[in-house]
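Please examine the sequence and the three-dimensional structure shown below. The paragraphs that follow lead through them step by step.

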Amino acid sequence: MFGYFYYYDPTLIFALIGLVLSLLASARVNTVFNKYSRVMSRQGITGAMAAERILHSQGIYDVRIERVSGKLSDHYDPRSKVLRLSDSTYGDTSVAAIGVAAHECGHAVQHAKGYGPLAVRSALVPLANIGSSLGYILVIIGLLFTRNTGTMLITIGLIAFSCAVLFQIVTLPVEFNASSRALVMLEGQGILGSEEIKGSRKVLSAAAMTYVAAAATSILQLIRLIIIAGGRNRD
């Protein structure tokens, strides 16, 4: 056990790999978004206007569209049925902004149509929040206690953190499906032309990689915790 605290910790490689993946994905999405933020749509409609048109085309009239501060802080809140678009999306007429707005509309459509994975993800939110904040701490604290108490704390910690990992995994099909719906709706409603769709697709694909990186990072962290816990059992 002491090797993890006073000597080189070989499991740090998992944390470093996760960090690199997250940084690369973040850099990629910002680069692609910035590129296509300079490509204005031919119709000249804003992200908010595109979102309203898409929602209405799907028979959704009970979802509010609000503006929130920040860049790429866009999200759909299924509890209050509010689609929040960031400053970089709400009033912008670029291909990137419209693509992001359409993606969030994809989540609203998922909610309206009872898309299974979205319901599962929503149900996992409380457990994921607890698991991501307490799971790691419980494992580390468990290493400091005697074997019986420590083993119990470590087990609880691993289970809790596994819920956070499961949330990240379930998020993947939800996000990919929302992007697919977005591109279909953008083309179907004639909001973007074929060349403009290609730009939006690149933006959404880059954004999707951030979720892949987050899932991979959480899995690597879980593996690290399991290895650390296993090292205690061998001591």
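A residue is called buried when its relative accessible area is under 20%, exposed when the value is over 50%, and partly exposed in between, with a 1.4 Å probe and protein chains only. By this rule Cys-163 is buried, because its relative accessibility is 19%. Cys-105, at 0% relative accessibility, is buried as well. A disulfide is a covalent bond between the sulfur atoms of two cysteines. Here a disulfide is counted when a pair of cysteine sulfur atoms lies within 2.5 Å, and the count comes to 0 disulfides.

The model is predicted: local features need pLDDT of at least 70, side-chain atom pairs count only at pLDDT 80 or more, and totals for chains, interfaces and linings use all residues. Residues are numbered from 1 along each chain as its sequence is written, and side-chain values use heavy atoms, with hydrogens and water left out. The pLDDT is the predictor's confidence in each residue, from 0 to 100. Its mean over the chain is 92, and 94% of the residues reach 70 or more. Over residues 1-6, however, pLDDT stays under 50. Where pLDDT is low, the predicted coordinates should not be read in detail.

We turn next to the strands. Helices (H or I, at least four residues) and strands (E, at least two) are DSSP runs, numbered from the N terminus. Strand 3 covers residues 82-86, and 5 of its 5 residues are buried, so the strand is largely enclosed by the rest of the structure. In a regular strand the side chains alternate between the two faces of the sheet. In strand 3, Val-82, Arg-84 and Ser-86 point one way, while Leu-83 and Leu-85 point the other way.

Which strands pair with strand 3? Two strands pair if DSSP finds at least two bridges between them. Strand 1 (residues 64-68) pairs with strand 3 in the parallel sense over 5 bridges, and strand 2 (residues 75-77) does so in the antiparallel sense over 3 bridges. Leu-83 of strand 3 is the bridge partner of Ile-65 and also of Tyr-76. The hairpin of strand 2 and strand 3 has 4 residues between the strands, and Lys-81 takes a positive phi near 50° there.

The helices come next. The expected span of a helix is 1.5 Å times one less than its number of residues. For the 42 residues of helix 7 (residues 147-188) this gives 62 Å, which agrees with the 61 Å between its end C-alpha atoms. Just after helix 7, Gly-190 has a positive phi of about 65°. Helix 5 has 18 residues, of which 16 are buried, so this helix is largely enclosed by the rest of the structure. Just after helix 5, Gly-114 has a positive phi of about 70°.

Ser-94 lies in the loop between helix 4 (87-90) and helix 5 (95-112). Is Ser-94 buried or exposed? Ser-94 counts as buried, because its relative accessibility is 0%. Contact means heavy atoms within 4.5 Å. Beyond its neighbours within four places in sequence, Ser-94 is in contact with Tyr-36, Ser-37, Val-39, Met-40 and Ser-41.

Thr-210, found in helix 8 (residues 194-234), is partly exposed, with a relative accessible area of 27%. Thr-210 and Ser-22 are 188 residues apart in sequence and 6.7 Å apart in space, C-alpha to C-alpha. Leaving aside neighbours within four places in sequence, Thr-210 is in contact with Ala-25, Ser-26 and Val-29.
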